[in-house]
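Work through these short exercises with the structure open beside you. Try each task before you read its solution.

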Protein chains: 4
Amino acid sequence: MTELAAAKAALKTQAVETPSWAYANSGTRFKVFAQQGVPRTPQEKLDDAAKVHEFTGVAPSVALHIPWDRTDDYTALAEHAGDRGVRLGTINSNTFQDDAYRLGSVCHPDAAVRRKAVDHLLECVDIMDATGSADLKLWFADGTNYPGQDDIRARQDRLAEALAEVYGRLGEGQRMLLEYKLFEPSFYTTDVPDWGTAYAHCLKLGPRAQVVVDTGHHAPGTNIEFIVATLLREERLGGFDFNSRFYADDDLMVGSADPFQLFRIMHEVVRGGGFTSGTAFMLDQCHNIEAKIPAIIRSVMNVQEATAKALLVDADALAAAQRDGDVLGANAVLMDAYNTDVRPLLREVREEMGLDPDPIEAYRRSGWAERIVAERVGGEQAGWGA
Amino acid sequence: MTELAAAKAALKTQAVETPSWAYANSGTRFKVFAQQGVPRTPQEKLDDAAKVHEFTGVAPSVALHIPWDRTDDYTALAEHAGDRGVRLGTINSNTFQDDAYRLGSVCHPDAAVRRKAVDHLLECVDIMDATGSADLKLWFADGTNYPGQDDIRARQDRLAEALAEVYGRLGEGQRMLLEYKLFEPSFYTTDVPDWGTAYAHCLKLGPRAQVVVDTGHHAPGTNIEFIVATLLREERLGGFDFNSRFYADDDLMVGSADPFQLFRIMHEVVRGGGFTSGTAFMLDQCHNIEAKIPAIIRSVMNVQEATAKALLVDADALAAAQRDGDVLGANAVLMDAYNTDVRPLLREVREEMGLDPDPIEAYRRSGWAERIVAERVGGEQAGWGA
Amino acid sequence: MTELAAAKAALKTQAVETPSWAYANSGTRFKVFAQQGVPRTPQEKLDDAAKVHEFTGVAPSVALHIPWDRTDDYTALAEHAGDRGVRLGTINSNTFQDDAYRLGSVCHPDAAVRRKAVDHLLECVDIMDATGSADLKLWFADGTNYPGQDDIRARQDRLAEALAEVYGRLGEGQRMLLEYKLFEPSFYTTDVPDWGTAYAHCLKLGPRAQVVVDTGHHAPGTNIEFIVATLLREERLGGFDFNSRFYADDDLMVGSADPFQLFRIMHEVVRGGGFTSGTAFMLDQCHNIEAKIPAIIRSVMNVQEATAKALLVDADALAAAQRDGDVLGANAVLMDAYNTDVRPLLREVREEMGLDPDPIEAYRRSGWAERIVAERVGGEQAGWGA
Amino acid sequence: MTELAAAKAALKTQAVETPSWAYANSGTRFKVFAQQGVPRTPQEKLDDAAKVHEFTGVAPSVALHIPWDRTDDYTALAEHAGDRGVRLGTINSNTFQDDAYRLGSVCHPDAAVRRKAVDHLLECVDIMDATGSADLKLWFADGTNYPGQDDIRARQDRLAEALAEVYGRLGEGQRMLLEYKLFEPSFYTTDVPDWGTAYAHCLKLGPRAQVVVDTGHHAPGTNIEFIVATLLREERLGGFDFNSRFYADDDLMVGSADPFQLFRIMHEVVRGGGFTSGTAFMLDQCHNIEAKIPAIIRSVMNVQEATAKALLVDADALAAAQRDGDVLGANAVLMDAYNTDVRPLLREVREEMGLDPDPIEAYRRSGWAERIVAERVGGEQAGWGA
């Protein structure tokens, strides 16, 4: 198989999970701008996600967020998804929106609050059993706002205890994906602020505890691809939450702020075997001002383009230049791939997959946008609060 | 008058304006944790603000935010304040919470939206006329999230046009205070992102257009006291929005994240004549997890402590060491003042003002906290949305 | 003329000035790694710069740095350049390497040191008269390392006085380009830390005082293209010092760290008329570990590629989408240009200019690299200290 | 023993190691300003360090840097130290100043360079055997400047191999302290960029491999005290390199940029048992523009003041407020200690130790500054290059 053929094959089997909440309303602390046609139920979110998969061919699963996607019958929800050509993916927990969690959840000084939070996490594993989801994604908003507010170290002890209980509950083939984040909503300390902390906890739990890299969760200047390479080397890269940022956790469309960084990340993924090691590729974005479904389609395409470029890197030439200490030559090999316009290649890939080569245009022609505006009238639009 | 006496005199006449919205509920995009006893009306916010002034003696005015504090009768509102020993202060506009403002307000590509926004600003000047407020504070959430989304330069033209119309409407003795902010809620461009942009617009408008420095609105590593010194030198420092931050616009209690920075800022204020030049000292904070009134009292006290230390700097010794190029000596003069425990001095000042030397304890003993929890039952608590 | 033809015409007339010091040794405070074949004299630097122009066709001038390029006979130096097909460009001053400048130069507390510094700047204007250079570029390392070390405001007064004297000395057709930098080598305050400070000084001096944007001199998260758009709108963008950075003032090859940012900057340049308004496009880089001449050729090519993409933006489609508030559509128009592989276009442009389409390869074949290694034996290699 | 007595006892036994190179000339890439009286030999550096200990009483050991402090007879050097009341401390390796290290040392693509680097590290352990030093401090400048320049992951493999060999060579009672640094002198990747990477390597090596926290080596916004608390909890905090920074690795006097941060760090040290667990407290600073010996005395005093404040935190009151979720109360307990002026306490401590209560003034009166200027004439001043 030629390299190009190999690249095309890889691109056809790529899977990018989209998050149910990205189809719902979102915003900043200043304002949530509601959009017409936004889903009102988990089912309608799945309907939208199915459209993204229909036109891209590489978004076959949908992450759920509990309680935002809570339902009485997860089996029925899974069937709803299956009927539309997608499946339920990662289960995301939420321990930050109950009034009890003002000072934290699993790290809260009060054992009763911690119990409540752990029970929620265990419920999420129950849901995984029902939906057949393999991954439990844990992001904790826990932290403090003021120096002295709580004991940094004691909070780590509480965190470790909670994680151990949940890890012990995981079934065969289930993983715990632990996400880190520098800050927000906590502003002085965050209890899992960096990959090192997440990694240290995962090490103690066991091999099915893995780290999630959200591309918007780092301090300015952090080299994310270095972390990706390191976690792959340590066999602890559980997955990505893709998005992009200029400043903080902006949650913009992946690849929109720094497409070269996304390419460098995908280069490390290719280099480190991330496509074949179970690393999950997920989006975690907020489309505060732009139309949501086309924004998600565009995001999936951005991941595809970065991936295609990474697959086109001439690995032999690169290794040779690196071995020779040829700084400019090695950089040029990488840049050659990055500077390539891979959109024609991806159009070919889509056509070979039986898809329209232009997913955005195909979506636009489909009339779905108009239809949901017309049909989704009344009820309460989904958002982060519901 | 001795230096100490002068410092005490200055501390007694200091005025820190508190913002009505800091008494209301606030939070992050993830969650607003409601607190018991929070005001439901502008009047109740004033009641709380009056308590802060009662116990600190240096918080005599309250900033309003329109429409959050909209009322039918501003004269009555001013009387309500006056009856409680405080007065209405700066009027803050809001051009970010109407659905029309999804893509901006005064910088919006659509002239009709810009008209709506300018009309709101003009209404704010009407309110100033009614309340006797001297300052109109303008913060624009305007900006874009994606490269190419709008024309950066055209937005500046629109901004300039709107500001000119509003400036022209100001009455005698009224000022326009223009605030800048690096990012949030916009994530790619912000239309007034830095002091340079605010300053350039103010220059074109006239002497009553002045820049506001919000201490949480800068890029990491920005030397805020340099900006303060520069704006004072240019006679364009209209005022401060005090708060503190570890990462972004965290809006924590002023002085809680970097008290040394606050001292350095106050040192430049003292050095540059900011106490006698009309610079307004305002708080702009969010007490997301802590009790609001004591947090504001504490914030006012933090400003007092930084001010006291700045007033204690031995200006002659500092100037001499600076003139001699004595790096360590000059630094030591500044640090001597900073390392002084000024709390005893401030207790004295308060006693001389007829106040309890410990405002926090006095507030606690007053029973106000329990009373508002008991009395403010029912109705809708105030927040950023109302 | 078609748009493509217009783009090609613009690319053919583009001029990127290369700095003499980029051909010399450079490094960090930890180590300067000397390279074989590095110039020992200003003449040899010009020889190398001429090679860059020979193979790229768009690097016709060379910036000098005084005293690093001091010579007895600037007329002869200009002839040396002319004989090799290039000309002398911007004169860069140096007020940071004399022992007298430990605490600053034009902002130093001691008037004698300030006099010395101003005299150097005046000497630079004399040199401009001799070389026919139009631009005097001023970067001041002035600042302080410790709070209190010197008076921030007094230093601004001294700076203003020095600039006024030098501005008054400028001849017809000469400009003063004032550069700002966040930090380094000063670590607490820098006397011209941001564009606002440089702009405020330029305003007071006159229209021939203009701001220089060094792309590595900003705080993390600064939107540089916003500054570019603003300075063009204010008719104060004197020029660029191009380079790239991941962290601080890394001085890497322009376009190597964030090629998308470089494209966005060039988009604002095109949008704001920067190609026809006298804005100078200069490199200011350090090739600490890579071969210098090919690194500079590559850098010039990176500027060309970003420029080509900016010229290919469909301005009408962009304006229409912006006017319609079509966030995704407007972003897509910009990204279409960015995602285009412009290397074939630039190869065409070069061939039409009578150049080899691949400057790097042509340079390699020329044997110049081997020749300078063989010939430049003995003597003292040029660096920042000499 | 009362709490105050306990605090005083702890302060009397505190030990802050000073680095030999801080007594020598240093600077930035722009300029090293030489100072009069600077040591020319390792012996003279020790003479200066002995003065710091003489006047502070808490700086009993001196870190060496090889090859800057290379000598023929380390036993004699140790005796020289002992005669002056100090002892030799940590041995610091240097694998960044040989021309061979242009592309790295232990991570270099060429095995011969790696061998050379490892041999140097092994030589450092030999020196430790001779000097009786317990700690080998490893900081690697290794990294890359351009994407693609080298293989991130392969470099980690090489690093691991080198560390394992050196760790295996350590004698009984010797430790390896691994330092991390975000960037500089490398600008794209650094091979040990963060605590997580250092920690992961230490884990694989064994219990005597520990992490060093240099307070200037983090990304903006990093919460250093969180890392300190975490490493203490993991029993992997080998020591500190104290200094302070506003922007990057500024290497200013510890406590001069953010004294509150230093206090928070010392609070976690006290909380986590760092004073009794073998954590080394070292300075690593550059006194580029200020007099070196008094700057180091001042730095030691800054560490003492932060320590004293941390020791005065009312641990019981703090724990109670934290347990109650009293955000403001807990913060107030911490701030009470921070706001205390501990200088009188430290003067007492010094008097009880038989020292002058004012070390800076005592040093000034000693005439040492004048004496070294007079006596250290001729020869070559020590710096980073020698």
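## Exercise 1: a loop residue in chain A

Decide whether E184(A) is buried or exposed, then describe its backbone.

Solution. This is a predicted model, and the values below are computed from it.
- Step 1. The relative accessible area of E184(A) is 16%.
- Step 2. Buried means under 20%, so E184(A) is buried.
- Step 3. E184(A) sits in the loop between β6 (175-179) and β7 (189-190) of chain A.
- Step 4. Its phi is positive, about 80°, although E184(A) is not a glycine. Most residues other than glycine have a negative phi.

## Exercise 2: a loop residue in chain D

Find the loop that holds D251(D), and give its phi and its burial.

Solution.
- Step 1. The loop runs between β9 (237-242) and α8 (259-271) of chain D.
- Step 2. Phi of D251(D) is near 60°, a positive value in a residue other than glycine.
- Step 3. Relative accessibility is 3%, so D251(D) counts as buried.

## Exercise 3: two cis peptide bonds

Locate the cis bond before P185(C) and the cis bond before P67(D).

Solution.
- Step 1. E184(C) and P185(C) are joined by a cis peptide bond with omega about 10°.
- Step 2. P185(C) belongs to the loop between β6 (175-179) and β7 (189-190) of chain C.
- Step 3. In chain D, the bond from I66(D) to P67(D) is cis, and omega is near 20°.
- Step 4. P67(D) lies in the loop between β2 (61-65) and α3 (74-83) of chain D.

## Exercise 4: the surroundings of an aspartate

Trace the contacts of D48(B).

Solution.
- Step 1. D48(B) is part of helix α2 (residues 42-56) of chain B.
- Step 2. D48(B) counts as buried because its relative accessibility is 2%.
- Step 3. Leaving out residues up to four places away in sequence, D48(B) touches Y23(B), P39(B), I293(B), W368(B), I372(B) and R376(B).
- Step 4. With W368(B) there is a polar contact between side chains, at 3.0 Å.

## Exercise 5: a helix pair

Describe how α8(B) and α11(B) pack.

Solution.
- Step 1. Helix α8 (residues 259-271) and helix α11 (residues 327-339) of chain B meet at about 115°, with axes 11 Å apart.
- Step 2. The crossing is right-handed.
- Step 3. α8(B) contributes P259(B), F260(B), F263(B) and H267(B); α11(B) contributes L334(B), M335(B), A337(B) and Y338(B).
- Step 4. Of these residues, 7 are nonpolar, 1 is polar and none is charged.

Terms used: Residues are numbered from 1 along each chain as its sequence is written. Chains are lettered from A and ligands numbered from 1 in the order in which they are written. This is a predicted model: local features need pLDDT of at least 70, side-chain atom pairs count only at pLDDT 80 or more; totals for chains, interfaces and linings use all residues. Side-chain values use heavy atoms; hydrogens and water are left out. Axes are lines fitted to C-alpha atoms, for helices over the stretch in contact, and angles run from 0 to 180 degrees between N-to-C directions. Helices (H or I, at least four residues) and strands (E, at least two) are DSSP runs, numbered from the N terminus. A crossing is left-handed if the near helix is turned anticlockwise from the far one by less than a right angle, and right-handed if clockwise. Contact means heavy atoms within 4.5 Å. Ala, Val, Leu, Ile, Met, Phe, Trp, Tyr, Cys and Pro count as nonpolar, Asp, Glu, Lys and Arg as charged, and the others, Gly among them, as polar. Buried means under 20% relative accessible area, exposed over 50%, partly exposed in between (1.4 Å probe, protein chains only). A polar contact is a pair of N or O atoms within 3.5 Å; within protein, one must be able to donate a hydrogen and the other to accept it, and residues adjacent in sequence count only if both atoms are side-chain atoms.
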